[in-house]
Amino acid sequence: MKFCTRTRSVDLDKFDINQISTSRIVGYPRVKRAVDLFLVAVSFPLALLILAIAALGIRLTMGSPVLYFQPRVGLGGRVFQMVKLRTMWPDVDGAEYRVTTPDDPRVTPLGRILRPFRIDEIPQLWNVVRGDMSLIGPRPEWTEQAEEFERQEPKYALRNLVRPGITGWAQVHAGPTSDLPGARVKLAYDLFYIKHMSFALDLEILWRTGWTLLASGGAR
């Protein structure tokens, strides 16, 4: 399989499922699951403190609900409810399902503080404990958006061979997108990760994610 040595992503036009090792997607995830649970346990006290402060801030500035649930596609195409702290004003016309843009008016003032540091993602540690997600993997897509992408690009479904992640190879290389060209770019990174996933690659993603958070430039 050819991939770009600079960006380390696959060539979608030449990629097929036979290039993914069955032993890799079956064996390593078992180890990865144990590591996920260990890291969640270790980070739980600090995560709980930050979550409590953020939740109180949301409750005081925006009211209820504090949490936001959205159906996402996970391992094997199974749909689950991904949980986040609410950082947007309640919306009744479905606009909350659109990709967030810079200076998006839907984002609350407090949300503009929480989102760059991914504090709104902390509740997804519960999704990790439940087994819906991993700490690292392809970012789970909203169900309707995933269905649309799969209709236009069948290889998009290959992302579901592994658990989706809170962060991932595509997230540290490309920003949010709502169109097919952007989705194909991120898919090329996701499939590279699935093809080459390993403890070393996960460590690199964690390092890159941490650097992004310190720079507070990884979310809108």
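A pocket, in the sense used on this tour, is an open set of grid points with protein on both sides within 12 Å along at least five of seven lines, and its lining residues have an atom within 4 Å of a point. Keep that in mind for the last stop, and remember throughout that the model in your viewer is predicted.

**The whole chain**

Begin by selecting the protein chain and colouring it by secondary structure, where you should find six helices and four strands, arranged along the sequence in the pattern α-β-β-α-α-β-α-β-α-α. Of the 220 residues in the chain, 48% count as buried. If you turn on the surface, you are looking at about 11,500 Å² of exposed area, of which carbon and sulfur atoms supply 62%.

**The hairpin**

Next, select residues 67–73, which are strand β1, together with residues 79–85, which are strand β2. The two strands pair in the antiparallel sense over seven bridges, and one pair to pick out is Arg 72 with its bridge partner Phe 80 in β2. Five residues lie between the strands of this hairpin, and in the turn you can click on Gly 76, which has a positive phi of about 70 degrees. Is β2 largely enclosed or not, and why? Five of its seven residues are buried, so strand β2 is largely enclosed by the rest of the structure.

**A residue beside the strands**

Now select Thr 143, which is found in helix α4. Leaving aside residues up to four places away in sequence, Thr 143 touches Pro 71, Arg 72, Val 73 and Val 79. Because buried means under 20% relative accessible area, Thr 143 counts as buried at 12% relative accessibility.

**The nonpolar core**

Select Trp 169, Leu 191 and Tyr 193, which have the most contacts inside the largest nonpolar core, a group of 45 residues. Among the elements that give two or more residues to this core are α1 (22–62), β2, α4 (143–152) and α6 (199–215). Helix α5 gives the most, with nine residues.

**The second largest pocket**

Finally, select Ser 43, Ile 122, Leu 125, Ile 166 and Leu 213, which, among the 19 residues that line the second largest pocket, lie nearest its centre. The volume of this pocket is about 600 Å³. To see which elements frame the space, show α1, β4 (165–167) and α6, each of which supplies at least two residues of the lining; α1 gives the most, with six residues.

Technical notes
Residues are numbered from 1 along each chain as its sequence is written. This is a predicted model: local features need pLDDT of at least 70, side-chain atom pairs count only at pLDDT 80 or more; totals for chains, interfaces and linings use all residues. Side-chain values use heavy atoms; hydrogens and water are left out. Buried means under 20% relative accessible area, exposed over 50%, partly exposed in between (1.4 Å probe, protein chains only). Two strands pair if DSSP finds at least two bridges between them. A nonpolar core is a set of buried Ala, Val, Leu, Ile, Met, Phe, Trp, Tyr and Cys residues joined through side-chain atoms within 4.5 Å. Accessible areas come from the Shrake-Rupley method with a 1.4 Å probe; for residues, only the protein chains shown count as cover. Contact means heavy atoms within 4.5 Å. On a 1 Å grid over the protein atoms alone, a cavity is a set of points where a 1.4 Å probe fits but cannot get out, and a pocket is an open set with protein on both sides within 12 Å along at least five of seven lines; lining residues have an atom within 4 Å of a point. Grid points are joined across faces, edges and corners, and a volume is the space filled by probe spheres set on the points.
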